[in-house]
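This briefing sets out selected features of strand pairing, helix packing and model confidence. Please read it alongside the sequence and the coordinates.

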Amino acid sequence: MPVAPHKPWFVRIGSYWGAIFLMAIVYFLFAKLAFYSSDFAGNVMAVWPASGIALSAILVFGYRMAFGAGLGSFCYNLTYFIAGADGLLPAASGAGVIAGGSMLEFIVAAYCIRQKFPGLAPETLGDVALFVLIAGFSGAIGACFGIAGLTIGGGLNPVHDLSTGLTWWVGDTTGILIITPLLLVWTRKKSRRGLLFPLIVPCVGLTMLVFFIVRQFEERLLERVHPSTARNEQSTLSNPDDEPDGLISAWLSWNILFGGTALTGMLGIYLESHRREQNALRGSEDRLIRQNRALSRIARSESINSGDLQLTMKTLTETTAATLRVERASIWLFNEARTELYCADLYELSQERHSGGARLATRDYPSYFTALLGARNIAVDDAYSDPVTREFCADYLPAFKITSLLDSPIQFGADLIGVVCHEQVGPKRHWTLDEQNFAGSVADLAALAFEVVKREVAEEALRWANTALESKVKARTAELVELNANLVAEAAERKRTEAILRESELRSRLAMKAADIGIWDWNLADDTVIYSPEWKRQLGYQEDEIGNHYLEWESRLHPDDKEGAVGANLFYIQGKSAEYGTEFRLRHKNGSYRWIYSRGEVVARTGDGKASRILGCHVDITELKQSEQALKAFRWFAESAGQGMGMARLDGEVVYMNPALLRTLEKLGLPADRPSLFTEYYSEAALRTLDSEVLPELLDSGQWTGELELGRANARHIPTLNYFFAVRNEAGQAQYYANIITDLTQQKEMELELLRAKDAAESADRTKSMFIASMSHELRTPLNAIIGFTGILLQGLSGDLNERQTDQLRRVARSARHLLELITDIIDISKIEAGRIDVFPDAFDLRELTAQALDTVRAQARDKDLALNTDVPGRLPVYSDRKRVLQCMINLLSNAVKYTEKGSVLCSARAHENEVIIDVHDTGIGIQPEQLTRLFIPFERLDSYLRLRTSGTGLGLYLTRKIAVDLLCGDVSVVSEPGAGSCFTLRFARRLEADWKDKRALPS
């Protein structure tokens, strides 16, 4: 790594003093600019930006910049005093005192800010308030020294000490509050942590600035109105009784101060809440990142794929305890009888130790183990009060000071085999949704570890099969080696008997081709290899397309197998392995890869015993590998299936049963080992069905599906769905019977529950119908009387009414009619849902019915100045329930007029095949997409600015759809665009059959 060259001493000194002089120049220029600006405005200096710039420079570049600020202050004040002082010494003394005060002011402020805010970035409202106090305190230091300097320099009248000190303090304080936050945020990335500091602090400074300026103008105005009061140095703002006619007052400046403070406080509270929300969001993101990394680390760990279950459980408990930051993380597993849980591994985070062996009996904690079944997580914030975990309060929870629990069941297939527990020790803890999802993922990884163990058992069986295959290949290789030795001997006799050699070579080629074995002969001295034609043919090459060199083999190796195959060669050549035999993939001419099993043996050695020549053979085992993969896939499928699967020979002897079927047989009390005949686990009635129906159907069509009972006599019976099918060989002859069994116990129990629920619902429906029948008369009769008598009063038949009485009676009439419509709608809905409302179809012209519906809402549209349009063909005969169709059209048209402020409403109708389509278009307010799902819910009114101005119950559209679907054999749909209007579409059968509902209920 290159090292930066060491700078000479004069370069370092020059850069040090250069920064100080630059600071002095900046301070001097901004001081002049502030003075000229205040002189131009005709006001005192209410803000001194040089103080904010100087403090920012000290905070960013160090305390040396204080000397530059002091030098700039001295130069500026010296020029100011020389212009009005009697001599140089008083001017220099006053300027020196002011410069020293400025340096002390900036150093004190910088020191306090660095101590309280190491990152130079206040984040909270308390930090902002502390920064304002530091600015005010340091400004007071500068103001005190400023008054002393002005007095020494001769530029201050002692009578004005207090006013000048206040002005000095306001200028320095507002300069720090306005300038410093903006410069710090611009120059320091660490300070960009929120908007509280760069917004609230300048707002405080601006409030002080505006208050001070307005106050100064009020005082000047006061001097003009009350010159005598001004000469006596008394402020009329504090003595309102002296104000003539109330013309002069300090109300504006104080309102600005109070208003600015209030607005700044409200903005600060809002930004503080926003900051807390952002911190909470970042905390959630940090947890998700930590959890994703933990899951990735577990998934990539060697332990979960190695089959070492104990190591895997230790990895899981350590990782999940550190990720969720809980004291105790453990994995509990069920015993074989499922009567208790035993602790397979417990990890304690603070002590970093593993233990186990504890046991919990399922009978002692019934609520907890019931909750585990079918649950993704059990998240308990207060373990002592939660009904699920209250059972542990007696012994387990107090013993380990556990307050909160997060448990996730481990599901292996359809079985619950254990649980992953996370136990909080100390204060109670609320488990967030991401923590619950993480715990569930850890439980899934635990289940995956158990699956890996089970897979290794199957792979062990496959390795036994591979060993047997290798022994066969080895025997054949030995025969080939012996045959090749004979060929070599014959080759030595080549000059004497070429004809015999050619005949021998032809015989060898035929043998190799018949055995599908390729031969290779490797001379280690020059790396030449003789490949037989069959060796080349296995890779799709002709004999002249591959040369006789070692690289011809190595260059065709699969990249993933190259290291292993070449390493096996070196180990055998170096004598580190007694035998040479390995599997690898070679690239075929067409670009694919073929699996090859290669064996070889040293046939010649040098004088010092090193191998000089190796002879071997290649066997193409690609199809064998594919068969192995297919066998593995089938085994995984069968072992993981939740349905029972079995296979038997034609004589009934069982050859295979998957674990799901064995578990089903265990429920029947049958032995855990596999029965010899599949008929042993069927009931007597099922056996009769097998003999009379199933077996003949299998011989005829090859499959049968139906319900049969499992279980022997005097034992439990289980209803099951059976799918029998014949397994045939390549010639189409049946060799085995296979059966897929589905347990129907839960389904049968659910059917019984549904029948009981149906009976209860019908009983409740009859009760509701009786209630509606009685209440319809009891409610409608008084309402009709109210409406009738109100109408009589409004017509003046009982005497004259004044305007107020007329208005009140009209409101009573409207409310009564609205209540009557509501009761009518509720009764109609109840009758429809109970199926006790009949339809009365007859023939009518839809054009006339449309005109009748438009007349109903025409007055309402005229009041809102809306245009009512219609588009119906000249004659459209319909055979349906006239009353219900009219009710649906009026509901849709009334709704369109109600939510349309200006424009028009169009009702169009057309016939399409066997149905009638009525569209109601409006130019109203439209419907938001997210509200469309709530449109047809009863008593649900969508939110809009017209909601308070329009009456309604939320039943109109719901009732319209119920009538269309349940009575008219149709439906209602809507298409809407917010702000542009809506289109409701009513569809119903053009010819309605009176018994169409009964036909719809018939099974297909």
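**Strand pairing, sheet packing and confidence**

Strand 16 and strand 17 (residues 734-743) run antiparallel and are joined by nine bridges. The model is predicted, and its chain averages a pLDDT of 75. The points below treat the antiparallel strands 15, 16 and 17, then an open sheet of five strands, and lastly the confidence values.

**Strands 15, 16 and 17**

- Within the pairing of strand 16 with strand 17, Ala726 has Tyr737 of strand 17 as its bridge partner.
- These two strands, 16 and 17, form a hairpin in which five residues lie between them. In the turn, Gly732 has a positive phi of about 85°.
- Strand 16 (residues 718-728) also pairs with strand 15 (residues 703-710), in the antiparallel sense and over eight bridges.
- In that pairing, Thr705 has Tyr723 in strand 16 as its bridge partner.

**The open five-stranded sheet**

- The strand order in this open sheet is 19-21-22-24-23, and the pairing is mixed.
- Strand 19 (867-871) and strand 23 (971-977) each have a single partner strand, so these two stand at the edges with one side left without a neighbour in the sheet.
- On average, neighbouring strands of the sheet are turned by 15° against each other, direction ignored.
- Five bridges connect strand 19 with strand 21 (residues 904-912), and the two pair in the parallel sense. Leu868 stands opposite Val905 in strand 21.

**Helices on the sheet**

- Helix 24 (residues 846-863) lies across three strands, namely strand 19, strand 21 and strand 22 (915-922). The helix runs at about 170° to strand 19.
- Helix 26 (residues 956-967) packs on the sheet as well, where it touches strand 23 and strand 24 (981-989). The direction of helix 26 makes about 135° with that of strand 23.

**Confidence**

- Of the residues in the chain, 73% score a pLDDT of at least 70.
- Among the elements of the chain, strand 22 has the highest mean pLDDT (92), whereas helix 8 (residues 227-231) has the lowest (49).
- Over residues 39-44 the pLDDT stays under 50, and the model has eleven contacts beyond four places in sequence for this stretch.
- Residues 999-1004 also have a pLDDT below 50, with one contact in the model beyond near neighbours in sequence.

Notes
Residues numbered from 1 in each chain as written. Predicted model: local features only at pLDDT ≥ 70, side-chain atom pairs only at ≥ 80, totals over all residues. Heavy atoms only, no water. Pairing = 2+ DSSP bridges. Helix = DSSP H or I, 4+ residues; strand = E, 2+ residues; numbered from the N terminus. Axes fitted to C-alpha atoms, helices over the stretch in contact; angles between N-to-C directions. Contact = heavy atoms within 4.5 Å. pLDDT = per-residue confidence, 0-100.
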